[in-house]
Amino acid sequence: MTKSSAILGIDIGGFDWRGQIGCGYPGVVKNGIVYTAANLDSTWIGVDLASELKNFTSARVNVLNDADAAGIAEMTFGAGKPRNRKGGGVVMLFTFGTGIGSALFVDGRLVPNTEFGHIIMDGIDAEKLAATV
């Protein structure tokens, strides 16, 4: 068992799912690998989450930032749909939960892993500043 298998602690074998699996992660993800863990245990950093999930299924697995996933849904099915095109302008989406997530689209194209919740404001991480107001 790898470090991340213990972290995941899941068993999806009983679902008999045959389609693709999408997984949103609350931090920076590039090519299925976790790069940040601002509101999670630091042992997540460096985990190839896509590969670890593939250990539990034969389905194709896609892992991306959770706010980016929400933004893609909004641009595909929601209020952003009319702007999901060349010349569509800038669309920003924010999620509020454990932290502040963000998704940015320019002319319908995602700028991945923006993580605007971690912009430094007055010397403080924006999420922490927002939590103290």
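**Exercise 1. List the order of helices and strands along the protein chain, and say how many there are of each.**

Solution. Start at the N terminus and walk along the chain of this predicted model. The elements come in the order α-β-β-β-α-β-α-β-β-β-β-β-α. For the totals, the secondary structure comes to 4 helices and 9 strands.

**Exercise 2. Find out how much of the chain is buried and how much surface it shows.**

Solution. Take the inside first: the chain has 133 residues, and 33% of them count as buried. Now the outside: about 8200 Å² is exposed, with carbon and sulfur atoms supplying 57% of that area. One more step tells you about the fold: take the contacts between residues at least 6 apart in sequence, and 50% of them join residues at least 24 apart.

**Exercise 3. Work out which residues form the largest nonpolar core, and which element gives the most to it.**

Solution. Step one is the member list: C23, Y25, V29, V34, A37, W44, V47, L49, A50, L53, V61 and V63, which makes 12 residues. Step two is to see where they come from: β1 (21-25), α2 (49-54) and β4 (61-65) each bring at least two residues. The top contributor is α2, with 3 residues. Step three, zoom in on one member: if you skip residues up to four places away in sequence, V29 touches V63, L64, N65 and N113. Finally, don't miss the second, separate core, which has 5 residues, among them M75, L93, A103 and F105.

**Exercise 4. Find the aromatic pairs and decide for each ring whether it is buried, partly exposed or exposed.**

Solution. A search of the whole structure turns up 2 pairs. Let's take them in turn.

- Y25 and W44 sit 5.8 Å apart, centre to centre, with 50 degrees between their planes, and the pair is tilted. Y25 belongs to strand β1 and W44 to the loop between β3 (33-34) and α2, so this pair links parts of the chain 19 residues apart. Buried means under 20% relative accessible area. Y25 has 3%, so it is buried, and W44 is buried too because its value is 15%.
- F94 and F116 are also a tilted pair, at 6.4 Å centre to centre and 40 degrees between the planes. F94 lies in strand β5 and F116 in the loop between β7 (109-111) and β8 (120-121), so the pair ties together parts that are 22 residues apart in sequence. F94 has 38% relative accessibility, so it counts as partly exposed. F116, at 25%, is partly exposed as well.

**Exercise 5. Identify the residues of the nonpolar surface patch and the strand that gives the most to it.**

Solution. The patch is made of V90, M92, F94, F96, V106 and V111, and together they have about 570 Å² of accessible area. Strand β5 (residues 90-96) gives the most, with 4 residues. F96 is found in that strand. Is F96 buried or exposed? Exposed means over 50% relative accessible area, and F96 has 66%, so it counts as exposed.

**Exercise 6. Describe the surroundings of H118.**

Solution. First, place it: H118 is in the loop between β7 and β8. Next, check the cover: its relative accessible area is 23%, so H118 is partly exposed. Then look for partners: leaving aside neighbours within four places in sequence, H118 is in contact with A38, D125 and E127. Last, compute a distance: H118 and L129 are 11 residues apart along the chain, and their C-alpha atoms are separated by 9.8 Å.

Technical notes: Residues numbered from 1 in each chain as written. Predicted model: local features only at pLDDT ≥ 70, side-chain atom pairs only at ≥ 80, totals over all residues. Heavy atoms only, no water. Patch = residues over 30% accessible without salt bridge, like charges linked within 9 Å, V, L, I, M, F, W, Y side chains within 5 Å. Areas by Shrake-Rupley, 256 points an atom, 1.4 Å probe, with all protein chains shown as cover. Salt bridge = Lys/Arg side-chain N within 4 Å of Asp/Glu carboxyl O. Buried < 20%, exposed > 50% of the residue type's maximum accessible area, 1.4 Å probe, protein only. Core = buried A, V, L, I, M, F, W, Y, C linked by side-chain atoms within 4.5 Å. Contact = heavy atoms within 4.5 Å. Phe/Tyr/Trp six-rings, centres within 6.5 Å; stacked < 30°, edge-to-face > 60°.
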